[in-house]
Number of protein chains: 2
Amino acid sequence: MAEEAPRALLYLEDLHVGQRFECGRHALDTAQIKKFAREFDPQPFHMDEVAARDTMFGGLAASGWHTVALTMRMIAENIPIAGGLIGGAAEITWPQAARPTDILHVTSEIMEVTPSRSRPERGMALLRTETRNQKGELLQIFTAKCVVPRRPPSA
Amino acid sequence: MAEEAPRALLYLEDLHVGQRFECGRHALDTAQIKKFAREFDPQPFHMDEVAARDTMFGGLAASGWHTVALTMRMIAENIPIAGGLIGGAAEITWPQAARPTDILHVTSEIMEVTPSRSRPERGMALLRTETRNQKGELLQIFTAKCVVPRRPPSA
């Protein structure tokens, strides 16, 4: 794997456009899909294989919010931004839904790094994250503006 | 409450720009915030009141993904789009984080209604959803493009 997976805390000065992060894999299954859906997205195509057959999905599909929440966990565990991953805004597209047998694979890339004009101690990084399945099919593109601290003199 | 809260299934023909939906309230608490965070966004400011004090949040804060997932449930339960709420893309901003004592209040408004040019049986509705707390403070703005079926001759 040629991608970077640094463990030291990352400050704004440590980020550059094109920098990539490998965020790992997660095996989805029917039980996880239904559990999330019961709590947060109780619709037939996320909860019932039989009812799902007659919907636009043609079978059980994960809620997009489940896919993005799992993606968030993988990002949080693998991109050690100093101060944590704090997003102020996000855009998500779902080219296709995640399915019970999918193994999610998450990779992220820095698209912009912008020091704040008004707050000298911080800046913004635009992070673009792709979630694919084991066949390489693109399930989700997620871009988020994250607040990133600048390196303090002591760090 | 002057807003509409229809229960009959809604087709594209039933939607119009400016149409509003009242999606109800949900009382957040510390246990819910920590439980979601442990599973999907394991960062100190979402899991530990003491550690959260020294972060940008200054205290325990809900993951933005928790706020949006709870919002999704309230939308799914209160806007009866025929065929379900199926989003292809979403944009989210979080002006401020939800806190353990917040009671979330969700309202939605139709911003655009667009018949599909290539698929005569469906169209797209752009739905803008605000999540506020009991003080009326805006926590989240969430806009999503939803696939909506046109009314079939039999319905």
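Biologist: Which element provides the largest share of the lining of the largest pocket?

Modeller: In this predicted model, the largest share comes from β5(B), with 4 residues. Other elements take part as well: α4 (64–78) of chain A and, from chain B, α4 (64–78), β2 (86–93), β4 (122–132) and β5 (138–149) each supply at least two residues of that lining.

Biologist: How many residues line the largest pocket, and which lie nearest its centre?

Modeller: The lining of the largest pocket has 29 residues. Nearest the centre are Phe57(A) and Trp94(A) from one chain, and Ile86(B), Gly87(B) and Gly88(B) from the other. The space in this pocket comes to about 460 Å³.

Biologist: How does one find such empty space?

Modeller: A probe the size of a water molecule is rolled over the atoms, and this shows where empty space is left.

Biologist: What makes the residues of this lining nonpolar, polar or charged?

Modeller: Each residue is classed by its type: Phe, Trp and Ile count as nonpolar, whereas Gly counts as polar. Therefore Phe57(A), Trp94(A) and Ile86(B) are nonpolar, while Gly87(B) and Gly88(B) are polar. The whole lining of the largest pocket divides into 18 nonpolar, 9 polar and 2 charged residues.

Biologist: What is known of the space in the second largest pocket?

Modeller: The second largest pocket holds about 400 Å³ of space. Its lining has 30 residues, and the closest to its centre are Ile86(A), Gly87(A), Gly88(A), Phe57(B) and Trp94(B). These 30 residues divide into 20 nonpolar, 8 polar and 2 charged. The largest share, 5 residues, comes from β2(A).

Biologist: How do you know that the two copies are related as by a two-fold rotation axis?

Modeller: Chain A is superposed on chain B by a rotation of 180 degrees, with 0.0 Å of shift along the axis and an RMSD of 0.0 Å. The two copies are thus related as by a two-fold rotation axis. Furthermore, 100% of the contact residues of chain A recur in chain B, and the same surface serves both copies.

Biologist: Which residue of chain A comes closest to the rotation axis?

Modeller: That residue is Glu91(A), whose C-alpha lies 2.2 Å from the axis.

Biologist: Why is Asn78(B) called buried?

Modeller: The relative accessible area of Asn78(B) is 16%. Buried means under 20%, so Asn78(B) meets the criterion. This residue lies in helix α4 of chain B.

Biologist: What does the side chain of Asn78(B) reach at 2.8 Å?

Modeller: The side chain of Asn78(B) reaches the backbone oxygen of Met74(B). A polar contact requires a pair of N or O atoms within 3.5 Å, and the value of 2.8 Å falls within that limit.

Biologist: Why does Ser118(A) count as exposed?

Modeller: Its relative accessibility is 62%, and exposed means over 50%; therefore Ser118(A) counts as exposed. Ser118(A) is found in the loop between β3 (103–115) and β4 (122–132) of chain A. Its C-alpha atom is 25 Å from that of Gly18(A), a residue 100 positions away along the chain.

Biologist: How many helices and strands does chain A have?

Modeller: Chain A has 4 helices and 5 strands. Read along the sequence, they follow the pattern β-α-α-α-α-β-β-β-β. Of the 155 residues in chain A, 50% are buried, and the C-alpha trace spans about 60 × 35 × 20 Å along its principal axes.

Key: Residues are numbered from 1 along each chain as its sequence is written. Chains are lettered from A and ligands numbered from 1 in the order in which they are written. This is a predicted model: local features need pLDDT of at least 70, side-chain atom pairs count only at pLDDT 80 or more; totals for chains, interfaces and linings use all residues. Side-chain values use heavy atoms; hydrogens and water are left out. On a 1 Å grid over the protein atoms alone, a cavity is a set of points where a 1.4 Å probe fits but cannot get out, and a pocket is an open set with protein on both sides within 12 Å along at least five of seven lines; lining residues have an atom within 4 Å of a point. Grid points are joined across faces, edges and corners, and a volume is the space filled by probe spheres set on the points. Copies are superposed by least squares on the C-alpha atoms of residues with pLDDT of at least 70 in both. Contact means heavy atoms within 4.5 Å. Buried means under 20% relative accessible area, exposed over 50%, partly exposed in between (1.4 Å probe, protein chains only). A polar contact is a pair of N or O atoms within 3.5 Å; within protein, one must be able to donate a hydrogen and the other to accept it, and residues adjacent in sequence count only if both atoms are side-chain atoms.
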